[in-house]
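Welcome! Please take a moment to look over the protein shown below, and then we will walk through it together.

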Amino acid sequence: DFGGGSGGSSFALCPLKALNDLKEFFFALATEVRKTILGPLSPKCSLLANLKTVLQRMLPEDSYLLASGRLHISLTRVMDGQNVMASEFSSKEELIQALLCSCFLPIYCGFIPPSYRGVRYVDGGFTGLQPVSSLEEPVITVSPFTGELDICPRDCPAIFFCFQIFNGSIQISIENLCRISYALFPPSTMVLNDIFSQGYQDTALFLYRNSKCYPRT
């Protein structure tokens, strides 16, 4: 099972063979965004429309069947600010709408939030950075920001600098502030490649440290 909010839930169902195409798409999109003074805030830039296009192309037609009951998408309901976990989908389009809702940052992505099943939602990270399902199986937490998580960057061992926010753990550090700025305003392709490589290394390190808990099959 997978659970996530914002970009963390968007591509769990993409075929492995499409992941490199996905990487190239976002690198190209970041390059295009950097050409304007306002970057992603430019009126000519529609991040949500680009995301919808790539999801429609990358996700298999039966993705909603694969996702139902297995993919738990964290949403923040606009009406009352409550966290909602979406995990049942009746079509590929409905699945994509839930993913778009979970990625919507007010003002940054626009002013009118998208809807899922007739209800408007915004980024699930506002109310659940690390959503977990109700299953009793062990949960592996992943984040692009340093914190008390299983797979994440390791900047400083000083755990007491971590704080809990929106059901997630984030360390107060210059590195994390840079990562937040990179998440909003794409850096150069060289920096993006470094971030991509670091994610791979962090995952490999976790698997190495826990090889007895997660044996090869």
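What percentage of the 217 residues in the protein is buried? Buried residues make up 39% of them. Keep in mind as you read that this is a predicted model.

## The overall layout

Let's begin with the building blocks. The protein contains six helices and seven strands. If you follow the sequence from start to end, they come in the pattern β-α-α-α-β-β-α-β-β-β-β-α-α.

Now think about which parts of the sequence meet. Taking the contacts with a separation of 6 or more, 58% are between residues 24 or more positions apart. As for the outside, the accessible surface is about 13,000 Å², and carbon and sulfur atoms account for 61% of that area.

## The largest nonpolar core

Let's look inside next. The largest nonpolar core has 29 residues, and those touching the most other members are Leu55, Ile73, Leu75, Phe89, Leu95 and Tyr116. Two or more core residues come from each of α1 (19–33), α2 (47–58), β2 (71–77), β3 (83–86), α4 (92–102) and β5 (119–123). Which element gives the most to this core? That is α4, with six residues.

Tyr116 deserves a visit of its own. Setting aside neighbours within four places in sequence, Tyr116 is in contact with Leu75, Ala86, Glu88, Phe89, Glu94, Ala98, Cys101 and Tyr121. Two of these partners, Leu75 and Phe89, are also listed with Tyr116 among the core residues that touch the most other members.

## Strands side by side

Where does β5 find its partners? β2 and β5 pair in the antiparallel sense, over three bridges. In this pair, Thr76 has Val122 in β5 as its bridge partner.

β5 also runs antiparallel to β4, and two bridges join them. Here Tyr116 stands opposite Val119. The two strands form a hairpin with two residues between them.

## Two unusual backbone angles

Most residues other than glycine have a negative phi. Against that background, two residues are worth finding in the structure. Arg117, in the loop between β4 and β5, has a positive phi near 55°. Ile107, in the loop between α4 and β4 (115–116), has a positive phi near 75°.

Are these two residues buried or exposed? Ile107 has a relative accessible area of 60%, and because the cut-off for exposed is over 50%, Ile107 counts as exposed. Arg117 is exposed as well, at 52% relative accessibility.

Definitions and conventions. Residues are numbered from 1 along each chain as its sequence is written. This is a predicted model: local features need pLDDT of at least 70, side-chain atom pairs count only at pLDDT 80 or more; totals for chains, interfaces and linings use all residues. Side-chain values use heavy atoms; hydrogens and water are left out. A nonpolar core is a set of buried Ala, Val, Leu, Ile, Met, Phe, Trp, Tyr and Cys residues joined through side-chain atoms within 4.5 Å. Buried means under 20% relative accessible area, exposed over 50%, partly exposed in between (1.4 Å probe, protein chains only). Helices (H or I, at least four residues) and strands (E, at least two) are DSSP runs, numbered from the N terminus. Contact means heavy atoms within 4.5 Å. Accessible areas come from the Shrake-Rupley method with a 1.4 Å probe; for residues, only the protein chains shown count as cover. Two strands pair if DSSP finds at least two bridges between them.
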